[in-house]
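Please look at the sequence and the three-dimensional structure shown here, and keep both in view while reading the paragraphs that follow.

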Amino acid sequence: MMKLIDYPAAIAERERLLLRTDQHIRRLQDIVNRIVAEIDTEIAFDSELKNDAQRKAKRLELMSSPEYRKAVTNLQMAHDERAEIEIDLSLLRNQFSVIKLQMREAIATRELQVVDAA
């Protein structure tokens, strides 16, 4: 179990990890957005696609490419990792709060003991 004094640094470290994960998510989202833009551009300039149904079918076909699937999977995994970090950060903050409350309770108990002894 950590000491009270260790919690602020541990919380800050988790917050830094959360920031790095958010930055990673933004980079992955940019990759997905770029791929989607390339797909949309390819569809827009494909003169063989005569109607909306054909364009939708082509879009689904292009979105099943390994590059797109990998980018989306990486993005989903990064979001899951972020959620886990948020859970850990919340746990640290809650543990810190509990320890502070326990310390306050101990101080109040001692003060009452001093008053009762007098």
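Does valine 32 count as buried or exposed? This is a predicted model, and in it valine 32 has a relative accessibility of 6%, which means that valine 32 counts as buried, since the cut-off for that word is under 20%. Valine 32 belongs to helix α1, and its C-alpha atom is separated by 5.9 Å from the C-alpha atom of alanine 71, although the two residues are 39 apart along the chain.

Valine 32 also leads us to the largest nonpolar core, a set of 15 residues in which Val32, Ile39 and Tyr68 touch the most other members. Two or more residues of this core are given by each of the helices α1, α2 (52-63) and α3, and the largest share, 7 residues, comes from α1. As a general background, nonpolar side chains in soluble globular proteins tend to be buried together.

From the core we can turn to the way in which two of the helices are placed. Two packed helices are described by the angle between their axes and the distance between the axes. For helix α1, which covers residues 7-44, and helix α3, which covers residues 66-117, the axes come within 9 Å and cross at roughly 160°. Because angles over 145 degrees count as roughly antiparallel, α1 and α3 are therefore described as roughly antiparallel to each other. The crossing in which α1 passes α3 is left-handed, and the contact of α1 with α3, sorted by class, has 23 nonpolar, 6 polar and 10 charged residues.

A further link between these helices can be found by looking at the rings, for the structure holds 1 aromatic pair. Its partners are tyrosine 7 and phenylalanine 96, whose rings are stacked, with 5.7 Å from centre to centre and 20° between the planes. Tyrosine 7 lies in helix α1 and phenylalanine 96 in helix α3, so the pair ties together parts that are 89 residues apart in sequence. Both tyrosine 7 and phenylalanine 96 are buried.

Finally, consider aspartate 6, which is found in the segment before α1. At 35% relative accessibility, aspartate 6 counts as partly exposed, whereas valine 32, at 6%, counts as buried. How far apart in space are aspartate 6 and proline 66? Their C-alpha atoms are 45 Å apart, and the two residues are 60 apart in sequence.

Conventions. Residues numbered from 1 in each chain as written. Predicted model: local features only at pLDDT ≥ 70, side-chain atom pairs only at ≥ 80, totals over all residues. Heavy atoms only, no water. Axes fitted to C-alpha atoms, helices over the stretch in contact; angles between N-to-C directions. Helix = DSSP H or I, 4+ residues; strand = E, 2+ residues; numbered from the N terminus. Parallel < 35°, antiparallel > 145°, perpendicular 65-115°, else oblique. Left-handed = near helix turned anticlockwise from the far one by under 90°. Nonpolar A, V, L, I, M, F, W, Y, C, P; charged D, E, K, R; others polar. Phe/Tyr/Trp six-rings, centres within 6.5 Å; stacked < 30°, edge-to-face > 60°. Buried < 20%, exposed > 50% of the residue type's maximum accessible area, 1.4 Å probe, protein only. Core = buried A, V, L, I, M, F, W, Y, C linked by side-chain atoms within 4.5 Å.
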